[in-house]
Amino acid sequence: MLLAQLITSYIAAACFGIIFNAPRHALIQCGMVGMFGWVVYYILVEQGLDVVPATIFGSMLVAILSQICAKIFKTPIIIFNVSGIIPLVPGGLAYDAMRKFVENDYFLAVQLSAKVMLLAGAIAIGLMFSEVVHQLLKKTFAWLHLE
Amino acid sequence: MSAQPGSVAKVCLLAGKIMLESGAETYRVEDTMNRIAASLGLENAESYATPTGIQFSTEGEASYFRRISNRSNDLQKIADVNSISRQITAQSLDAKEALLLLKGIQHNSETFPFWLQLIASALASGSFAIMFGGSWADFAPSCIAGAGGYAAMIGFDKLLEIRFIAEFVASFLIAVIAVISIKAEFGQYMDKIIIGAVMPLVPGLHITNAVRDLMAGHLIAGISKGVEATLTAIAIGAGVAVLFAFLPH
């Protein structure tokens, strides 16, 4: 089952790279970043963790891997971020929420929308976390250099 | 190195416009514009980007404005503009050369042909159906529905130039294909097929970008992106729901 998740998440992330017109040479990395992020999320959820913290950890890994790829290949981080984060994005849930709204099931709809907002926030926190670490490392190195 | 303020502003605005139209985050756009301005010798330049327009002003000069009317996702262009901005910062390009290069990028056609994007959205849809807990029987119908929906989205967007209607029609078509494939006993779970197939249309990226912009303090950009994402989600949800409203239970 895990193998199927690995393969499908790789394909999904790389295909989103094509849909978003990512540079050709970045597609393989896009798929890798997306796959690792999703697998971390999947395993954590399987172990019984709630989806919101699982999303935070998944997106942290995505951000760290993207940061590394961006440094190595000297391209803006957004290229790896965007398609890598796609498997974690609560698109399916957002769709579910909207469907409940138009079906007049407001009770579930509001519940699902709140979950979507939480998950979007979790992704943003995860993505920002690696930026914070990056800035801290950079400043520390600059400071050590000055000493 | 000091160039004419007007021509520097032109370079900055074009770079910002291309980036915003390709779906870059607003803070990155402002950062790039300020960096280009500083390296080309414009001190105290200020830029203000929102998803629908950019303003750029320098001390003692007129301030400039550009309207952003259509936005899509084109990471290649963001990477290209980024590399030009790096070259400008390294002082190996002047304003005139940079403007020529940027104009070239603006008119570049897409990296991947349409048929390849269609195949990609089909495969992505099928994969998502599996990832969200569907069975392998749902892979093929989700692929077909995803490709059909993506093609309808692009086609109607070109035809009508109203994103909302294009997304509505696309998700309606996805629901139709899903219902037909379930009726023909071609797939197993209708919900998984539909969720997989709408993924290429769903504004997941916009939702995330909106939250990031809000957290970074770009309040107007964050809110307008959030509204854009909500509109898309409404269109997709409504397209599917309309079919279910007519379907006999």
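Reader: I'm looking at strand β2 of chain B. Which residue there is the bridge partner of B:Ser47?

Author: Keep in mind that this model is predicted. The partner of B:Ser47 in β2(B) is B:Phe56.

Reader: How many bridges join β1(B) to β2(B), and do they run parallel or antiparallel?

Author: The general idea goes like this: strands in a sheet pair through backbone hydrogen bonds, in either a parallel or an antiparallel way. Here, β1(B) and β2 (residues 53-57) of chain B are joined by five bridges and run antiparallel.

Reader: What is the strand order of the whole sheet?

Author: In chain B you can read it off as β1-β2-β3, an open sheet of three strands with antiparallel pairing. At the edges sit β1 (46-50) and β3 (63-67) of chain B, each pairing on one side only. From one strand to the next, the twist averages 10 degrees.

Reader: Which helix packs on that sheet?

Author: That's α2 (residues 26-39) of chain B, touching β1 and β2 of chain B. The direction of α2(B) makes about 155 degrees with that of β1(B).

Reader: Now the chain contact. How many residues does each chain put in?

Author: People often quote an interface's size as the accessible area lost when the parts come together. In residues, this contact takes 42 from chain B and 40 from chain A.

Reader: Which helix of chain B gives the most to the side that touches chain A?

Author: α5(B) does, with 10 residues. Helices supplying at least two residues of that side include α3 (75-89) and α10 (219-246) of chain B. By class, the side of chain B that touches chain A has 28 nonpolar, 10 polar and four charged residues.

Technical notes: Residues numbered from 1 in each chain as written. Chains lettered and ligands numbered in written order. Predicted model: local features only at pLDDT ≥ 70, side-chain atom pairs only at ≥ 80, totals over all residues. Contact = placed C-beta atoms within 7 Å. Helix = DSSP H or I, 4+ residues; strand = E, 2+ residues; numbered from the N terminus. Nonpolar A, V, L, I, M, F, W, Y, C, P; charged D, E, K, R; others polar. Pairing = 2+ DSSP bridges. Axes fitted to C-alpha atoms, helices over the stretch in contact; angles between N-to-C directions.
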